[in-house]
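Here is a quick walk through a structure that may be new to you. Have the 3D view ready and follow along.

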Protein chains: 2
Amino acid sequence: MSAIAVDEELTRAAGSREAYEPSSPVAEFGASEPLRLDAGIDLAPFRIAYNTYGELNADKSNAILICHALTMDHYPASPSPTTGKPGWWSPLIGEGKPIDTTKFFVICSNVIGGCGGSTGPASLDAASGDPFGLNLPVITVRDMVRAQKMLVERFGIDTLFAVVGGSMGGMQVLEWTVSYPDKVFAAVPIATGARHSAQNIAFHEIGRQAVMADPEWHGGRYFQKGKRPTKGLAVARMTAHVTYLSEMALHRKFGRNLQDRDTFGYGFDADFQIESYLRHQGSTFVDRFDANSYLYLTRAMDYFDIAADFQGLLANAFQGSKTRFCLISFSSDWLFPTAESREIVHALNAAAASVSFVEVETDKGHDAFLLDEPDFYRAMDGFLSSAARARGLCE
Amino acid sequence: MSAIAVDEELTRAAGSREAYEPSSPVAEFGASEPLRLDAGIDLAPFRIAYNTYGELNADKSNAILICHALTMDHYPASPSPTTGKPGWWSPLIGEGKPIDTTKFFVICSNVIGGCGGSTGPASLDAASGDPFGLNLPVITVRDMVRAQKMLVERFGIDTLFAVVGGSMGGMQVLEWTVSYPDKVFAAVPIATGARHSAQNIAFHEIGRQAVMADPEWHGGRYFQKGKRPTKGLAVARMTAHVTYLSEMALHRKFGRNLQDRDTFGYGFDADFQIESYLRHQGSTFVDRFDANSYLYLTRAMDYFDIAADFQGLLANAFQGSKTRFCLISFSSDWLFPTAESREIVHALNAAAASVSFVEVETDKGHDAFLLDEPDFYRAMDGFLSSAARARGLCE
């Protein structure tokens, strides 16, 4: 796959008879195995694109599921065919790394609703032959996890050794431990929260409004028009990107430095480096991400509230849990501040669950979970090694 | 004036011969009195719309200049003809109020570059007969203050008793004390900073990109096309509005409450109250504000850096100042956090200037300077009363 999946699907939607062949393995689920969605609709057929690293052991007890964040994909440890860049967690996953592929079998699947090869709004709706667009039911984090469960069962895995993920990936980790408490030996929710806050919903809504205000969005039917709402999606990305960084990091990296000039331009071009940087973030994002998927995945995060089915009592969500938890937060993350991880830790304590907690000191903001943070890597290594011993995976 | 000035000007631009009559007084400056802009251009003719409250005393020593924020106008103490709402500082300005109009003569003018009646991008360019659009030179905070100085001189006022303002208004206050140190007896910069931070520039740039991505913006020539970039401007306003509030206030006011429904809608309508609220903020803003003015005024704030002409040494900017300062910040303001006011206080201390400082405890974020905050009102009252005694305005 040299272009992103949505483009290939667009080609197909536009009339090509060539079979769609993603570069990663894909699990297909037919009419007999529908995905039951929270929206009350059975989705069938559907498919999940995924990658694996390492080998599944004989008793299938060494599997780690990696859950990706909003704009990531199922290439955490191998180059993305979309961008050509190394896997987004390549310092963390591989031989001799904290998620050691000589010991563990690592699975990472593209989320349902995404645009990396799993069924999403850019996928063809068998009923119409057109891309789903907004005809795809709204997807929740629980739907993503239900689909992952079906994929994991295809491997004959009964219990995952660990589920690990940051941000929206961390929401999936929490959902796994609540929806399938007996199927997760260890869980590492990183830079996440038990629910999406009002401020976070607000920033997502701004992004969605930016996309939907773009006349090239066409009510979600842009593929049929041969268009894409790139300007709106770029503004959405710029907005989100600021929330991923910290004020300190922005000050340190950019401050008020000017871009290729000594004095103000007295105009509306990018005078400041921070402006050029943001514009670049916006313009490169639209090449690798589908606008409708952005609507669906932000909506999934907005809807996430793990305590909602437990009368809002977070501790009740974890009652009786045998999973070992390690919560990780980053001190300068203001999208999912440490207080939100701490609230989960308190609930786990109240539920008498096994939990450890690490707040990594860094000025890199929310994005720190994707950046070089040795303390983060050490925490992951220590926790997984200890859990692996408890699971009898090594001496 | 029942509609906003830009609409009346649009009518005029569209061919009406009717003279433009704003509802407030306007000071006209002709070719012999150009406004020298930082961009290196002389602007002439230009005009300043303003309002006054109270009476100027015989020796013209009781004048307080109120400087307004980005989206405000020159109606701080009387109903805005645009919105019909009470003046934006009406609890603060009036008979017996902290800015007591029985003692003080209050002047507030619409900033140059704005859209409330002073010359801005929606004003007619005498050269072309069309609205300026982007042909108006970029305006700085110093330009705004230069224009205010010319207005104040029209009243025959040599020295202002006080200059008071919040946010962009606070920047103007600081600029007055540095550009015209002998002309300001007392200064109250509120919820502001000595320079615009990288994060604040980033949020402004997002807003500008949202406006400029709207195809109805037409490179700034939307009046000529009979259009307005309302969708882009609404997204810009939504983005800015989130930065004006605190996470705490959003949680307290909205949390995850749903709007007129018990369960999720599983769609992209406004499910959450915070979404409805933001959409409302966006859609009402476009009725009262000109999109090009939004570009110009955000740019003015981005460019603001009071120490830039003093080798970046803030204390040098205030060297020898005889002005009495009172800095006011709000504890939950993350757009202009208390640390930024404190930096100014330290610089004033280093410059041996007279300074007091109040941090008001509140969860209302940056917007607190426009909201009912008794501690803020008391601080203003106490400082101005004391300064008035020192100035010999009362016993």
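A cavity here is a set of grid points where a 1.4 Å probe fits but cannot get out, and a residue counts as lining it if the residue has an atom within 4 Å of a point. Keep in mind that the model is predicted.

**The cavities**

By that rule, there are 6 cavities of 30 Å³ or more. The largest cavity holds about 100 Å³ of space. Which residues lie nearest its centre? They are A:Ala210, A:Ala213, A:Asp214, B:Ala210 and B:Ala213, out of 13 residues that line the largest cavity. If you sort that lining by class, you get 8 nonpolar, 2 polar and 3 charged residues.

Four helices each supply at least two residues of this lining: α4 (198-213) and α5 (230-244) of chain A, along with α4 (198-213) and α5 (230-244) of chain B. The helix that gives the most is α5(B), with 3 residues.

**Three helix pairs**

Now for how some of the helices pack against each other. The table puts three pairs side by side.

| Helix pair | Angle | Distance between axes |
|---|---|---|
| α2(A) and α3(A) | about 70° | 9 Å |
| α4(B) and α8(B) | about 160° | 10 Å |
| α5(A) and α4(B) | about 170° | 10 Å |

Start inside chain A, with helix α2 (residues 141-154) and helix α3 (residues 168-179), which pack at an angle of about 70°. That angle makes α2(A) roughly perpendicular to α3(A). The crossing where α2(A) passes α3(A) is right-handed. On the α2(A) side, the residues in contact are A:Val141, A:Arg142, A:Met144, A:Val145, A:Gln148, A:Lys149 and A:Val152. They meet A:Met168, A:Met171, A:Gln172, A:Glu175, A:Trp176 and A:Ser179 of α3(A). The residues of this contact between α2(A) and α3(A) divide into 7 nonpolar, 3 polar and 3 charged.

Next, hop over to chain B, where α4(B) packs with helix α8 (residues 291-303) at about 160°. The two helices, α4(B) and α8(B), are therefore roughly antiparallel to each other, and their crossing is left-handed. From α4(B), the contact takes in B:Ile201, B:His204, B:Arg208, B:Val211 and B:Met212. From α8(B) come B:Ala291, B:Leu295, B:Thr298, B:Arg299, B:Met301 and B:Asp302. By class, the contact of α4(B) with α8(B) has 6 nonpolar, 2 polar and 3 charged residues.

The third pair takes one helix from each chain: α5(A) and α4(B) pack at an angle of about 170°. That makes α5(A) roughly antiparallel to α4(B). Chain A brings A:Lys231, A:Val235, A:Met238, A:Thr239 and A:Val242 of α5(A) to this contact. Facing them in α4(B) are B:Gln199, B:Ala202, B:Phe203, B:Glu205, B:Ile206, B:Gln209, B:Ala210 and B:Ala213. The contact of α5(A) with α4(B) comes out as 8 nonpolar, 3 polar and 2 charged residues. You've met B:Ala210 and B:Ala213 before, among the residues nearest the centre of the largest cavity.

**Backbone details**

Finally, a few spots in the loops. Most residues other than glycine have a negative phi, and most peptide bonds are trans.

Where does chain A have a cis peptide bond? One joins A:Ala44 and A:Pro45, with omega at about -5°. You'll find A:Pro45 in the loop between β3 (42-43) and β4 (46-53) of chain A. In chain B, the peptide bond from B:Ala44 to B:Pro45 is cis, with omega near -5°, and B:Pro45 sits in the loop between β3 (42-43) and β4 (46-53) of chain B.

B:Gln311, a residue other than glycine, has a positive phi, near 55°. Look for B:Gln311 in the loop between α8 and α9 (314-317) of chain B.

Note on methods
Residues numbered from 1 in each chain as written. Chains lettered and ligands numbered in written order. Predicted model: local features only at pLDDT ≥ 70, side-chain atom pairs only at ≥ 80, totals over all residues. Heavy atoms only, no water. 1 Å grid on protein atoms, 1.4 Å probe; cavity = no way out; pocket = protein on both sides within 12 Å on 5 of 7 lines; lining within 4 Å. Points joined across faces, edges and corners; volume = space filled by probe spheres on them. Nonpolar A, V, L, I, M, F, W, Y, C, P; charged D, E, K, R; others polar. Axes fitted to C-alpha atoms, helices over the stretch in contact; angles between N-to-C directions. Parallel < 35°, antiparallel > 145°, perpendicular 65-115°, else oblique. Left-handed = near helix turned anticlockwise from the far one by under 90°. Contact = heavy atoms within 4.5 Å.
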